[in-house]
Amino acid sequence: MTGRRGALLKVCGATSATEVRLLAEAGADYVGLWFGVTGGPADLTVDELVTLAGEARAAGIHPVLVTFLGAVDALHEAITRSGIRHLQLHAYQAPGAVAALRRAHDGLSVLKVLHLRDGQCLEERFIGAYQRAGTTMFLLDKTTATGRVGSTGHRLDPAEVRALMPRLSVPFLLAGGVSADSGGYHDLIGGPSLHGVDVDTGARDPLGGFDSGRISSIARAWQPFPDPLR
Ligand SMILES: O=C(O)c1ccccc1NCC(=O)[C@H](O)[C@H](O)COP(=O)(O)O
């Protein structure tokens with residue numbers, strides 16, 4: 001994940017080539033493709049993952065494999081066949097899984113999600129172990145009071161994010177109700193810690209389809225200066 005000006009934009013949960021192309025045209029840098037999210041509305045088979053990863057590359061947007069799976073063996077085939085170079089471990093996978101995947105796939109970047117709930121990072125005790133295991137980047141996301149994880153549409157409190165930052169020695173993506181309001185984070189945009197933002201709910205219209213107007217607005221809002229090209 002390189003070559004940025006401000007915060008990079010990842011949009012999660014594409015399920016068709018049309019959606020992937022829409023995201024690329026709207027200014028997203030990364031598209032999240034679900035694999036191993038059983039019962040999830042955007043979950044893909046390996047064959048679908050392979051096809052959409054190719055579509056993403058052709059459209060000039062980087063595919064990210066987003067998964068709840070902790071079984072490393074199940075991920076090897078998907079990573080190898082799709083050629084995806086970015087993996088997002090969105091559940092409570094162990095640091096050992098990060099290490100094993102990094103060892104097995106040369107050049108694979110691994111994003112480990114850290115879940116924040118009521119101001120507490122649920123994986124706090126393991127942050128050092130994740131870093132030693134080779135985590136490339138963290139993704140800070142909201143867990144609701146009822147324990148919902150992923151695509152909650154609930155915003156993180158910037159004060160909670162900032163309190164966690166001294167513990168992180170690798171950059172992070174900010175998730176959880178991200179919108180075109182970058183208030184509370186302006187001083188971090190373009191800096192070494194906040195690498196980008198990750199969005200699902202805020203990228204969609206009321207019927208659940210991707211909305212290119214909303215996506216372009218988010219891409220613009222998270223630049224250090226307004227970008228006329230976005
Ligand atoms: O969306 C889910 O339900 C989900 C399930 C399993 C793995 C990942 C999932 N979402 C992934 C994301 O990375 C979302 O973009 C992220 O949670 C932010 O969502 P939102 O708060 O809706 O913008």
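## E25 and the rest of the fold

E25 counts as partly exposed, because 14 other C-beta atoms sit within 10 Å of its own. This residue belongs to helix α1, which covers residues 17-26. Pair E25 with D181, 156 residues further along the chain, and the two C-alpha atoms turn out to be 21 Å apart. Keep in mind that this is a predicted model.

Now for the whole chain. The protein chain carries seven helices and nine strands. Its C-alpha atoms fit in a box of roughly 45 × 40 × 35 Å along the principal axes. The radius of gyration is 16 Å, and a compact globule of 230 residues would come out near 17 Å, so the two agree. Of the 230 residues, 42% are buried. Take the contacts with a separation of 6 or more: 62% of them join residues 24 or more positions apart.

On the annotation side, an unreviewed UniProt entry puts "domain: N-(5'phosphoribosyl) anthranilate isomerase (PRAI)" at residues 10-211. That span is 29% helix and 22% strand, and its end C-alpha atoms are 14 Å from each other.

What about the inside? Nonpolar side chains in soluble globular proteins tend to be buried together. Here the largest nonpolar core holds 65 residues, and the ones with the most contacts inside it are L23, A28, V31, L33, L65, L140 and L174. Strand β5 (residues 109-117) supplies the largest share of this core, with five residues. Looking at L65 up close, and skipping anything up to four places away in sequence, its contacts are L33, F35, L49, A78, I79, S82, I84, L87 and Q88.

The ligand has 21 residues around it, and C12, G150, S151, D200 and T201 come nearest. By type, that shell splits into seven nonpolar, 11 polar and three charged residues.

S151 is worth a second look for its backbone. Most residues other than glycine have a negative phi. S151 goes the other way, with a positive phi near 50 degrees. D118 is also a non-glycine residue with a positive phi, at about 50 degrees. Are these two buried or exposed? S151 counts as buried because it has 22 C-beta neighbours inside 10 Å, and the bar is 20 or more. D118 has 10 such neighbours, so it falls on the exposed side, where the limit is 12 or fewer. As for location, S151 is in the loop between β7 (137-142) and α6 (158-164), while D118 is in the loop between β5 and β6 (120-121).

Which residues does H90 touch, leaving aside neighbours within four places in sequence? The contacts are V66, T67, F68, V113 and G150. G150 also appears among the residues that come nearest to the ligand. H90 itself is in the loop between β4 (86-89) and α4 (95-104). The C-alpha atoms of H90 and L69 are 8.4 Å apart, with the two positions 21 residues apart along the chain.

Here are the neighbour counts for the four residues discussed above, side by side.

| Residue | C-beta neighbours within 10 Å | Class |
|---|---|---|
| E25 | 14 | partly exposed |
| H90 | 25 | buried |
| D118 | 10 | exposed |
| S151 | 22 | buried |

Note on methods. Residues are numbered from 1 along each chain as its sequence is written. This is a predicted model: local features need pLDDT of at least 70, side-chain atom pairs count only at pLDDT 80 or more; totals for chains, interfaces and linings use all residues. A residue is near a molecule or strand if its C-beta atom, placed from the backbone, lies within 6 Å of it. Ala, Val, Leu, Ile, Met, Phe, Trp, Tyr, Cys and Pro count as nonpolar, Asp, Glu, Lys and Arg as charged, and the others, Gly among them, as polar. A nonpolar core is a set of buried Ala, Val, Leu, Ile, Met, Phe, Trp, Tyr and Cys residues joined through C-beta atoms within 7 Å. Helices (H or I, at least four residues) and strands (E, at least two) are DSSP runs, numbered from the N terminus. Two residues are in contact if their C-beta atoms, placed from the backbone, lie within 7 Å. UniProt positions are given in the numbering used here, feature names are shortened, and annotations may be inferred rather than shown by experiment. The radius of gyration is taken over C-alpha atoms; the globule rule is 2.2 Å times the number of residues to the power 0.38.
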